[in-house]
Every structure is written in C-alpha cells, then in structure tokens.
Amino acid sequence: MIESTIAGSLPKPFWLAQPKTLWAPWAQTGDALAEAKRDATLLVLKEQEDAGIDIVTEGEQSRQHFVHGFLEQIEGIDFDRRVAMGIRNNRYTAQVPTVTSALRRKRPVHRTEATLARAHTARRLKFTLPGPMTIVDTVADAHYGDRVRMAMRFAELLNEEARELEAAGVDVVQFDEPAFNVYMDQVREWGIAALDRAREGLRCKTAVHICYGYGIKANIDWKASLGGEWRQYEEIFPALAKSRIDQVSLECINSHVPIELLRLLDGKDVLLGAIDVASERVETPEEVAAVLRRALGFIAPEHLVACTNCGMAPLDRAVANAKLQALGAGAALLRRELGQRA
Ligand code: ZN
C-alpha cells in the first residue's frame with residue numbers, strides 16, 4: 001500500500017540536452033547522442049531506486065518532447081512543415097509539425113530505451129506515451145480534416161506501440177492526456193473511447209495522466225484564472241471511472257482541486273500528485289504524507305500511489321532529485337504510520 005511512482009519525465013543532464021528547457025535541443029549528435037541517452041537512462045533509473053520509488057520510468061531521456069518524440073517516428077507527419085499553432089485551447093503557441101498523408105508507424109518508437117530500462121532495473125517499469133487527444137491537439141492537420149478520425153488513427157498506432165512495450169517487459173503503460181482538462185465535452189464524446197482503443201488487448205496495467213501542465217508561465221497564468229476551486233476533473237472522472245483504464249494520475253499538491261472529487265474514481269488506482277513541479281521549493285516528506293493522508297478519506301491505501309503532479313523535465317536536476325527523495329520518503333512515512341495503526 002501507498003507505493004510511489006513519478007508522472008514520467010525527469011530533467012536531462014547537461015551533456016544530453018540543454019537544461020531547464022522544454023523542447024530542449026540535444027547536446028550531442030549521432031553515436032554520441034545515442035550513448036548519452038543510454039547513460040542518462042541508467043542514471044535516472046538509479047536515482048529513482050535510491051529515492052525508494054517503487055514503479056520507475058526511463059525519465060523520457062530519449063525524447064525531446066512527450067508528444068513529438070512519438071510523432072517523429074510516424075509516417076505521414078512532415079516535420080519540415082512546422083507551423084505556429086495555439087494549443088490547449090490557445091493557452092500557448094507551439095511550433096507543431098503537420099499531418100500531410102495517412103498515418104503509419106515507421107518502426108518501433110521506444111523499443112530501444114524500454115528494453116534498456118527493463119534490463120537494468122528489477123523494479124516495476126512504467127512507460128509513458130502521449131494520449132490520442134493530446135496528440136491531435138499538438139499537431140497541425142492537412143490530411144484528415146476530422147479531429148476524431150485522426151485521433152482514432154493515432155489510437156491504433158499507440159496500441160501497436162503499447163503492445164510492443166508490454167512484450168518488452170513494461171509493467172504499466174501510461175497515456176498522457178493534459179488535453180482532458182481542457183476539452184471536457186470532447187473527452188466524454190470521444191476522448192475516452194480513443195483512450196480505450198489505445199489500450200485494447202493490453203494485459204499490463206494502463207494509466208492516464210491528466211494534469212494542469214508543466215510549471216511554465218502560460219500554465220501558471222492559466223491556473224491563476226481558474227478560480228478558487230478547480231472542478232475540471234469532476235466533468236471527466238465519472239466517464240473515466242467507466243473506462244477500462246486501471247490508474248488515473250492527477251495533480252493535487254498546491255492545486256485547487258477539491259479532494260472529495262477522488263470519490264468519483266471508485267475502483268481505480270489513483271496516482272496522487274504530491275510533488276509540485278511548478279515550484280523549485282523541495283517538499284518535506286511530511287508534506288508529501290499530509291497530501292496522501294487527505295486522500296485516504298476517499299481512496300483505499302492499496303489503491304493510492306504517491307506521484308508527482310506532472311513531469312519534472314523542465315526543473316533543475318538537483319531540485320528534481322531532492323523532490324524524488326521527498327516523494328519516496330513521504331510514501332514510506334505514511335506506510336509506517338498505517339502499519340502501526342493496523
Ligand atoms: Zn502533466
């Protein structure tokens with residue numbers, strides 16, 4: 001009970017990519033880049049193990065961005081045709097590639113790093129992929145002319161990839177869907193159906209991560225505009241509870257998410273954000289435990305997992321590592337407390 005994991009990404013060392021930057025340019029090319037990715041992957045596994053994290057990830061060390069890392073290996077997407085597009089309902093502008101023809105997976109996207117990570121940790125391994133709705137919100141379309149049809153095609157490609165990750169020994173496949181907090185009507189209309197298509201036939205655990213975004217200025221400003229109570233989750237959790245997804249990763253610490261909304265996720269594992277990725281201040285284990293303790297009023301301890309609010313990719317590396325340790329220690333603290341009570 002009260003295991004720990006992270007949302008997915010960790011900062012990259014300076015010799016792999018420019019620090020504290022989203023879409024950071026690689027610091028190496030060719031064979032040196034492949035070697036740097038490999039070395040960084042082993043390092044982040046070790047750091048998670050040392051911090052006592054139960055379900056580890058490869059820290060997304062081999063991809064530049066959580067969406068485009070997948071898209072780079074998809075035929076039908078033209079990265080030379082990048083356009084400036086408002087994403088997440090125009091919250092901020094990103095340079096996104098364009099879908100120009102029918103989509104097809106050219107080759108396994110993440111097999112190398114998944115196999116590497118599997119060979120180097122005995123812990124349970126989680127692997128993150130972008131969700132179909134978030135993908136279609138982060139790419140320009142000059143071919144399908146229909147968001148839903150394009151999302152379903154991406155869901156099929158994600159499913160091919162997820163099945164291979166499972167075969168490579170991955171224990172949890174997680175789909176990242178920050179767009180679920182933005183297009184709540186569409187989530188109910190087709191977002192969850194696309195997600196279920198992406199997980200079809202998998203026997204490993206499946207998760208969805210739904211957050212309020214990385215700690216960048218556009219997101220911090222957006223959150224400030226959401227008022228004293230953030231009830232976005234309330235609109236999607238009931239539908240999500242009926243989906244075939246096993247686990248829901250969500251933002252909690254330093255947010256205005258009413259904790260009682262967890263009640264709507266009956267039957268799911270909840271990966272509760274107990275580490276703030278929008279602040280350089282390192283939480284204490286007691287603070288982590290306090291957030292989890294509040295959730296215990298609504299989620300049974302065997303379904304509650306300590307997690308980060310979102311990916312830690314843009315953070316300072318030393319800060320992220322200290323936060324990892326607080327996360328592991330906070331979960332352990334609460335485990336001891338519950339053990340004593342039992
Ligand atoms: Zn996130």
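**Exercises on a predicted model**

In this chain, 78% of the contacts between residues at least 6 apart in sequence join residues at least 24 apart. The model is predicted.

**Exercise 1.** Determine how the radius of gyration of the chain stands against the globule rule.

Solution. Begin with the contents: the chain holds 10 helices and 11 strands. Next, take the radius of gyration, which is 19 Å. The globule rule gives 20 Å for 342 residues, and the two values are close, so the chain is as compact as a globular protein of that length. For the outer dimensions, the C-alpha atoms fill a box of roughly 60 × 45 × 40 Å along the principal axes. Finally, consider burial: 48% of the 342 residues are buried, where a buried residue has 20 or more other C-beta atoms within 10 Å of its own.

**Exercise 2.** Classify the packing of helix α6 against helix α8 by angle and by handedness.

Solution. Locate the helices first: α6 spans residues 184–199 and α8 spans residues 232–241. Their axes come within 9 Å and cross at roughly 20°. Angles under 35 degrees count as roughly parallel, so α6 is roughly parallel to α8. As for handedness, the crossing is right-handed.

**Exercise 3.** List the residues that make the contact between α6 and α8, and sort them by character.

Solution. On the α6 side, the contact uses Met184, Val187, Arg188 and Ile192. On the α8 side, Gln232, Glu235, Ile236, Ala239 and Leu240 take part. Sorted by character, the residues of this contact comprise 6 nonpolar, 1 polar and 2 charged.

Technical notes: Residues are numbered from 1 along each chain as its sequence is written. This is a predicted model: local features need pLDDT of at least 70, side-chain atom pairs count only at pLDDT 80 or more; totals for chains, interfaces and linings use all residues. Axes are lines fitted to C-alpha atoms, for helices over the stretch in contact, and angles run from 0 to 180 degrees between N-to-C directions. Helices (H or I, at least four residues) and strands (E, at least two) are DSSP runs, numbered from the N terminus. Angles under 35 degrees count as roughly parallel, over 145 as roughly antiparallel, 65 to 115 as roughly perpendicular and the rest as oblique. A crossing is left-handed if the near helix is turned anticlockwise from the far one by less than a right angle, and right-handed if clockwise. Two residues are in contact if their C-beta atoms, placed from the backbone, lie within 7 Å. Ala, Val, Leu, Ile, Met, Phe, Trp, Tyr, Cys and Pro count as nonpolar, Asp, Glu, Lys and Arg as charged, and the others, Gly among them, as polar. The radius of gyration is taken over C-alpha atoms; the globule rule is 2.2 Å times the number of residues to the power 0.38. A residue is buried if 20 or more other C-beta atoms lie within 10 Å of its own, exposed if 12 or fewer, and partly exposed in between; C-beta atoms are placed from the backbone.
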